[in-house]
Structures are given as structure tokens and as C-alpha cells.
Amino acid sequence: MDMKIALVKGDGIGPDIVDEAVKVLNKVCDKYNHKIEYKEVLAGGAAIDKFNNPLPDETLETCKECDSVILGAVGGPKWDNVASELRPEKALLGLRSGLNLFCNLRPAIMYPQLKDACPLKDEIIGDGLDIMVVRELTGGIYFGKRGRDENSAYDTLSYRKDEIERIVKKAFEIASLRGKKLTSVDKANILNSSQLWRDIVNDMSSSYSDIEVNHLYVDNAAMQLVRNPRQFDTIVTTNMFGDILSDEASQITGSIGMLPSASLGSGTLGMYEPIHGSAPDIANQDIANPIATILSVAMMLRYSFNLLEEAERIEKAVYDVLDQGYRTSDIYSEGTKKVGTKEMGRLICDAI
Ligand code: IPM
Ligand code: MG
């Protein structure tokens, strides 16, 4: 297969981790005879520095022409004082909406090898955790009308019916391939948009009679995630609630450095990135954990290219390397072997 992939390395540790992910992707594509053409483009702080624009048109256009996008991370304190429409984060939001990637999949899987890194008690975590957070990504309060003057500021949370329907449909489809249990998270005791959300979930549930559906208010969901995370299989929620709950879920698995994500639309084009940020304090020191980005590449092979065997090959390699006791410093514990970013990438390539 021929693949054309846009690389947005971004800021901070972005280049460190994307470089390792590319090595791993090259390795697996070598094995299976796939050809890759990379197009490297700038976004975020790096693009502000060069073009005074966090998301240059050329970047978005190149991403649109590619089959998928691999993104490292954007942002950092260097750009904290730029005007709000110039912030590096605008690049992320612009890519998500510009590519129409409304469905964000954030799997929170606990690796048995990292059980010690989980802050919850053994009896709560049992023999593991496998939760899929399905986050709406191109609507809600992130994209609503906003404004500010000297004495006040506002943001708007609104959802159209079709926006809710398409993400809820994806969530039902995903739940049906997993544990057949879907939890919809909202704040329907307060928010109109959540009441509409809940009605739509209930309406659609009649078409998916084999899936058990329940609803939780977001405050309760946040509590349940640490009280009894094993009750969850697939969670579907709005842009902002999904942002918050996916960070929480990541911590339960041990480290945010392990969790990949896929942002999908209605076609096969997707954007794949770790859920963590750009960690500027550890950039360029060969200590960042590249595994979240490497696992994002596995998601890319699965969701954009339907290359399931190749995807599993990467996931298995990550598993094996953890099994052999290798750890980057964020997941290091006594008795394991500490390695840097590059060494972790090399080990995973070797395991492939
Ligand atoms: C994420 C990040 C972004 C978000 C930020 C950097 C804009 O936290 O991808 O979860 O809020 O969506
Ligand atoms: Mg976030």
C-alpha cells in the first residue's frame, strides 16, 4: 500500500516523540512492503515563530491532501503571552475543524506491567482496565461564540442535532465492537445542550438493542472513574467533558505518556497524536516517553488504512518491550531498566 502522511512534529517534546514513531512506522512498513511518503509541515509555536501564524494555510492544505496526519504536541510557555487568536492551541483546533475530525477516540488501557504506576488500590483496579473515551471534537464550547471586554467574558456551549447524532452513532458502533456497554456523560440536570444530547442517545439506542446504555452526570462520572473504573467500557461525551475525563482516565492507567488518540471524520483521513502535551521542560533531552505516539501510529494503521495486522504488530512490540522491563523515566519503578526516548524507539523497532 502507498501512504502519504503529514508530519506535524510541533513543539517541546513533539519532535522527540514523532521521530521515534516514524522509525517504528518505517520498520513495520518495511516488513509488510508498504511505501510511505512523508510531508513535514509546521503548526503551533514553531509556525508562530516562522510565519506568525499557528496554522498556516499551507499546513492545512497539505494535511487535507494526505491520507493521514501524525501530530506530536503543540504549545509551551514561550507563547503564553501571544494574542489569544495566535496561541499554538489554535493550530490544534484549526486542524480538527479544518479536517472535520469530529470523533476523538481515547483508549485508556492499563498495561499489567505498569500496575504499580496506577494510583488506585489493587482491589479497585482488579486485573486491568480498558476504557474507550469517545470525545466529540469539533463542536461545543471549544468552538462557540466567545467574547471579552474589560468587565466580562463569555463562551458559548451549543450543539446541533446532527453534530450529536454523528458522534453518538460512532460511539454505538465502537461499543458494539467492544464490551457492548455505552455510558453517555452529560450535565443534563443543568444544560439544555445536555438534555438534547441525552434525548438523542435514548432515541438512537433503540437501533442498538444489544448495547446496554446508561447516562451519568459529568461530576458523578469523574467520581466513578476513580471509585469503580471497571464499570466503564465505552464512554461518549462532549468536547470539554471528554477533554477532562480522558486526562483523568489516563492517570488511572499509570501515565499520560502511554495513551494514544485518533481523531476521525466521516472518511478515512485521521489525525493521530498522543493525548499528552508538549512538556517543554523535558524537550530535547532524550527522556520523553514516545510510546503514546507510537501507539497512535498503530491506531492510524488500524483506522485510516485498515491494516490490522500491522497495527497489532506495533502494539505487541510495545507490550513485549514493557515485559522485558524497559521503562522511560515517567513509568520507571525500582527493579526496571530506565531508557531514554531513542532507546525506547529502538527497542520497539527491534521487537517488531
Ligand atoms: C487535548 C488538549 C487540547 C484540548 C488543548 C491543547 C487545546 O488538552 O488534546 O486534550 O483541550 O483539546
Ligand atoms: Mg486535554
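**Ligand 1 and the sheet in a predicted model**

Modeller: In this predicted model, the residues around ligand 1 are E89, L92, R96, R106, R135, Y142 and D243.

Colleague: What makes a residue count as being around ligand 1?

Modeller: One of its heavy atoms must lie within 4 Å of the molecule, and the residues listed, R96 and Y142 among them, form the shell on that basis.

Colleague: Why is the pair between Y142 and ligand 1 called a polar contact?

Modeller: The limit for a pair of N or O atoms is 3.5 Å. An N or O atom in the side chain of Y142 is 2.5 Å from an oxygen atom of the ligand, so this pair is a polar contact. For D243 the corresponding distance is 2.8 Å, and for a polar side-chain atom of R96 it is 2.7 Å. The protein buries 76% of the 320 Å² that ligand 1 exposes when taken alone.

Colleague: What kinds of residue make up the shell around ligand 1?

Modeller: Five are charged, two are nonpolar and none is polar. Helix α4 (residues 89-98) contributes the most, with three residues. Domain 1 (1-101 + 265-352) and domain 2 (119-253) each supply at least three.

Colleague: Why are β2 (35-40) and β9 (212-217) described as standing at the edges of the sheet?

Modeller: The 10 strands run in the order β2-β1-β3-β12-β11-β4-β5-β10-β8-β9, forming an open sheet with mixed pairing. β2 and β9 each have a single partner strand, so one side of each is left without a neighbour in the sheet.

Colleague: How do you know that β1 (residues 2-10) and β2 pair?

Modeller: At least two bridges are required; β1 and β2 have six, in the parallel sense, so they count as paired.

Note on methods. Residues numbered from 1 in each chain as written. Chains lettered and ligands numbered in written order. Predicted model: local features only at pLDDT ≥ 70, side-chain atom pairs only at ≥ 80, totals over all residues. Heavy atoms only, no water. Polar contact = N/O pair within 3.5 Å; in protein donor to acceptor, adjacent residues only side chain to side chain. Areas by Shrake-Rupley, 256 points an atom, 1.4 Å probe, with all protein chains shown as cover. Helix = DSSP H or I, 4+ residues; strand = E, 2+ residues; numbered from the N terminus. Nonpolar A, V, L, I, M, F, W, Y, C, P; charged D, E, K, R; others polar. Domains from an automatic or database assignment.
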